[in-house]
Amino acid sequence: MDGQGAHAYWVIVFTFFTAMVLAVLPLPAWLAWGRPEWVALTLIYWVIALPHRVGITTAVLLGILLDVSEGAVIGQNAFALVSVALLALLLYQRLRVFSLWQQSAVVFVLVGINQMVCQWVQSLEGAGAQTMLFLLPAVSSALLWPFVLHSLRGLRRYYQVS
Amino acid sequence: MLVTLLLVGLLAADLRFNALQTTRSALEVVAAPVYWVSDIPSRVSDWNQEHLVLRDELLEQNEQLRQENLVLQGRSLQMSSLQAENVRLRALLNSSALLRDDVLVAELIGVSPDPVRHQLVLNKGSNDGVFVGQPLIDADGLLGQIVEVSPINARALLITDATHSIPVQVNRNGVRAIAEGTGSLTLLEVHHVSATTDIREGDLLVSSGLGGRFPVGYPVAVVNEIERDPGEAFARITATPSAALERSRHVLLVFTSKPAGEN
């Protein structure tokens, strides 16, 4: 039982690390605005799957790490991810029984909120986006949700993360 | 509730008081593996370019480099005499000699994933003597300055970031101005230049060294468009950065021999 527990942590940490790498991977300029919010997607999945393990604390830690690796103001992504985690914690029982594309719609809203919070903090700093393009990641994340869900669920079942 | 308070505290500390500089550089070490992994694809392609090349191509490249070297050497022949002359003339003008700056080559290992933030992550850090505020150039011009250092990495802010400004002067006649970043990689705006100032399209803007942050005389941008509206006090001037902001893989960190602008 203990061995399995240790295994489980390893899988969660690994998926978040991968999400972090995908979040800073250089993209061609025409794709830069549409980069899916990998960390937010992974966080949403783990909150829905294991709400007793992954929650606000994870969101804060992840957010601060993401802030540092993105070079953002410390607290920007932490704030955004905490709001996402909080909403996902409130909604997880409903989300579990939703169909795939209903879930995608909720992911669209959650990532939209994530982007909104980031945009607010950036505007405080004086570096906010001039157009509505900053909401594009919400669309790409919602489209990628089925893929993220299936691969993470596969990992969770294979390694029996609980 | 508690979390919100904590986060607002962090935000304020970082944004208003810059109090988290040391925490940030400590955390940057934790974030380094992320950049290391995300840099693997470009390292693989670098390796490919170095090792999987035909002999003919290498010979051709070698020949080309040799010719280029010859041309550059030829040009630098006059350099020493010109430099000596420059020193004499500056002595006549009672100004101190311009010293040559030392540089350190650094490699790009990441760019800011956020399109509104123009930052680069470099593979040199405080262990190599990099410091906050250090200017960064490439072969064509000024790129930006270092804003954060950790022992092994450094983060640079580009001159086109919306929060960046740089003091410049027109190379032709020495008119001073400030060039501000716009958030677009190909555009700088020159503000508060009165409509009657002698500045033309195609003028080269070089760093003026005022403010003591950047060394004097590095190319910054070329004036692109000037709009003189009689109803407004200032001309609207846009410029295109000289440096290859989105293409450079290798950049140069400049160690100025003395505080810039004190001559």
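Two strands count as paired if DSSP finds at least two bridges between them. Keep that rule in mind for the chain B stops. The model on screen is predicted.

**Stop 1: a small sheet edge in chain B**

Select strand β9, residues 204-207 of chain B. Then add strand β10, residues 219-227 of chain B. β9(B) and β10(B) run antiparallel and share three bridges, so they pass the rule of at least two. To see one of these contacts, pick B:L204 and find its bridge partner in β10(B), B:V222.

Now add strand β6, residues 165-170 of chain B. β6(B) is joined to β9(B) by three bridges, and the two strands are antiparallel. Click B:V168 here. Its bridge partner in β9(B) is B:S207.

**Stop 2: the barrel of chain B**

Next, show strands β1, β2, β5, β4, β3 and β12 of chain B. Together these six strands make a closed barrel with antiparallel pairing. The order around the barrel is β1-β2-β5-β4-β3-β12. On average, neighbouring strands of this sheet are turned by 45° against each other, direction ignored.

Start the walk at β1, residues 102-111 of chain B. One partner is β12, residues 250-255 of chain B, across six antiparallel bridges. Pick B:D102 and look for B:F255, the bridge partner in β12(B).

β1(B) also pairs with β2, residues 119-122 of chain B. That pairing is antiparallel too and has three bridges. Here B:G110 meets its bridge partner B:V121 in β2(B).

Move on to β4, residues 142-149, and β5, residues 154-158, both in chain B. Five bridges hold this antiparallel pairing. Select B:Q145 and you will find B:L157 standing opposite in β5(B).

While the strands are in view, show their side chains. In a regular strand the side chains alternate between the two faces of the sheet.

**Stop 3: the loop between β4 and β5**

Select B:N153. This residue lies in the loop between β4 and β5 of chain B. Is B:N153 buried or exposed? B:N153 counts as buried because its relative accessibility is 6%, and the cut-off for buried is under 20%.

What does B:N153 touch, leaving out residues up to four places away in sequence? The list is B:A32, B:I109, B:V121, B:L122, B:N123, B:K124 and B:G125. Among them is B:V121, the residue you met as the bridge partner of B:G110.

**Stop 4: a charge over a ring in chain B**

Select B:W36 and B:R43. B:R43 lies over the face of B:W36, 4.7 Å from the ring centre.

**Stop 5: chain A as a whole**

Switch to chain A. Its secondary structure is six helices and zero strands. Along the sequence the pattern reads α-α-α-α-α-α.

Zoom out. Along the principal axes, the C-alpha atoms of chain A fill a box of roughly 50 × 30 × 30 Å. The radius of gyration is 15 Å, which agrees with the value near 15 Å for a compact globule of 162 residues. Colour by burial next: buried residues are 53% of the 162 in chain A. Contacts between residues at least 6 apart in sequence tell another part of the story. Of these contacts in chain A, 71% join residues at least 24 apart.

**Stop 6: the rings of chain A**

Over all chains, the structure holds five aromatic pairs. Select A:W10 and A:Y159 for one of them. Their ring centres are 5.8 Å apart, with 75° between the planes, and the pair is edge-to-face. This pair links distant parts of the chain. A:W10 belongs to helix α1, residues 2-24, and A:Y159 to helix α6, residues 136-159. The two residues are 149 apart in sequence.

Add A:Y158. The rings of A:Y158 and A:Y159 have centres 5.0 Å apart and planes at 85°, so this pair is edge-to-face.

Which residues complete the aromatic cluster? Show A:F14 as well: A:W10, A:F14, A:Y158 and A:Y159 form one cluster.

Turn on the surface to compare exposure. A:W10 is partly exposed at 47% relative accessible area. A:Y159 is partly exposed as well, at 26%. A:Y158 is exposed, with 65%.

**Last stop: a charge over a ring in chain A**

Finish with A:Y9 and A:R53. A:R53 lies over the face of A:Y9, at 4.4 Å from the ring centre.

Methods
Residues are numbered from 1 along each chain as its sequence is written. Chains are lettered from A and ligands numbered from 1 in the order in which they are written. This is a predicted model: local features need pLDDT of at least 70, side-chain atom pairs count only at pLDDT 80 or more; totals for chains, interfaces and linings use all residues. Side-chain values use heavy atoms; hydrogens and water are left out. Rings of Phe, Tyr and Trp (its six-membered ring) pair if their centres lie within 6.5 Å; planes under 30 degrees apart count as stacked, over 60 as edge-to-face and the rest as tilted. Helices (H or I, at least four residues) and strands (E, at least two) are DSSP runs, numbered from the N terminus. Buried means under 20% relative accessible area, exposed over 50%, partly exposed in between (1.4 Å probe, protein chains only). A charge sits over a ring if NZ of Lys or CZ of Arg is within 6 Å of the ring centre and within 35 degrees of the ring normal. Axes are lines fitted to C-alpha atoms, for helices over the stretch in contact, and angles run from 0 to 180 degrees between N-to-C directions. The radius of gyration is taken over C-alpha atoms; the globule rule is 2.2 Å times the number of residues to the power 0.38. Contact means heavy atoms within 4.5 Å.
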